[in-house]
Amino acid sequence: MISHQIKIARKKAGKSAAECATALSLTVHAYRRWERGEVEPKASQCLTLAEYLEITVDQLLTDKPANADAQHMTVSV
C-alpha cells in the first residue's frame with residue numbers, strides 16, 4: 001500500500017512528517033492523511049517527495065533498493 005511505503009521512505013530518510021509536509025507545501029494534517037491511507041498523493045507530489053527524500057519514485061512506491069536489477073526496455077521506432 002502506498003501509504004505504508006511513504007511512511008517507510010520518510011523514516012529511512014530520517015525526516016519528520018512536518019519536514020515532508022513543508023517540502024511539499026502541505027499542512028502536516030494533509031501529509032499525515034497520506035501516511036494513514038485516507039488519501040493518495042498525485043503523481044507530481046510523489047515525484048516531489050521522492051526528490052526531497054533523495055530516492056526514486058520507484059523506490060518510494062515499492063521500497064526497492066536503488067541498485068536492484070532493473071529491466072531495461074529497448075524501443076524501436
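**A quick tour of a five-helix chain**

The buried residues of helix H4 pack against four helices: H1 (2–12), H2 (17–23), H3 and H5 (57–62). What you're looking at is a predicted model. The protein chain comes to five helices and zero strands, so a good place to start is with H4 and its neighbours.

**Overall picture**
- Reading from the N terminus, the elements go α-α-α-α-α.
- The protein chain has 77 residues, and 26% of them count as buried.
- Take the contacts between residues at least 6 apart in sequence: 51% of these join residues at least 24 apart.
- About 5500 Å² of the protein chain is exposed, with carbon and sulfur atoms supplying 52% of that.

**Helix H4**
- H4 covers residues 43–53, and its buried residues are Cys46, Leu49, Ala50 and Leu53.
- These buried residues sit on the same side of H4, because they cover an arc of only 100° around the axis.
- Here's the general idea behind that sort of pattern: an α-helix has 3.6 residues a turn, so residues three or four places apart point the same way.
- Right after H4 comes Glu54, and its phi is positive, near 60°.

**The aromatic pair in H3**
- Search the whole structure and you'll find one aromatic pair.
- The partners are Tyr31 and Trp34, with 5.6 Å from centre to centre and 50° between the planes, which makes the pair tilted.
- Both residues belong to helix H3 (residues 28–36), where they are three residues apart, about one turn of the helix.
- Is Tyr31 buried or exposed? Tyr31 counts as buried because its relative accessibility is 0%.
- Trp34 has a relative accessibility of 5%, so Trp34 counts as buried too.

**Cysteines and disulfides**
- How many disulfides does the structure hold? The count is zero.
- As a reminder, a disulfide is a covalent bond between the sulfur atoms of two cysteines.
- Cys20 is at 0% relative accessibility, so Cys20 counts as buried.
- Cys46 comes in at 6% relative accessibility and therefore counts as buried; Cys46 is also one of the buried residues of H4 listed above.

Notes:
Residues are numbered from 1 along each chain as its sequence is written. This is a predicted model: local features need pLDDT of at least 70, side-chain atom pairs count only at pLDDT 80 or more; totals for chains, interfaces and linings use all residues. Side-chain values use heavy atoms; hydrogens and water are left out. Rings of Phe, Tyr and Trp (its six-membered ring) pair if their centres lie within 6.5 Å; planes under 30 degrees apart count as stacked, over 60 as edge-to-face and the rest as tilted. Helices (H or I, at least four residues) and strands (E, at least two) are DSSP runs, numbered from the N terminus. Buried means under 20% relative accessible area, exposed over 50%, partly exposed in between (1.4 Å probe, protein chains only). The arc is that of the directions from the helix axis to the C-beta atoms. Contact means heavy atoms within 4.5 Å. Accessible areas come from the Shrake-Rupley method with a 1.4 Å probe; for residues, only the protein chains shown count as cover. A disulfide is a pair of cysteine sulfur atoms within 2.5 Å.
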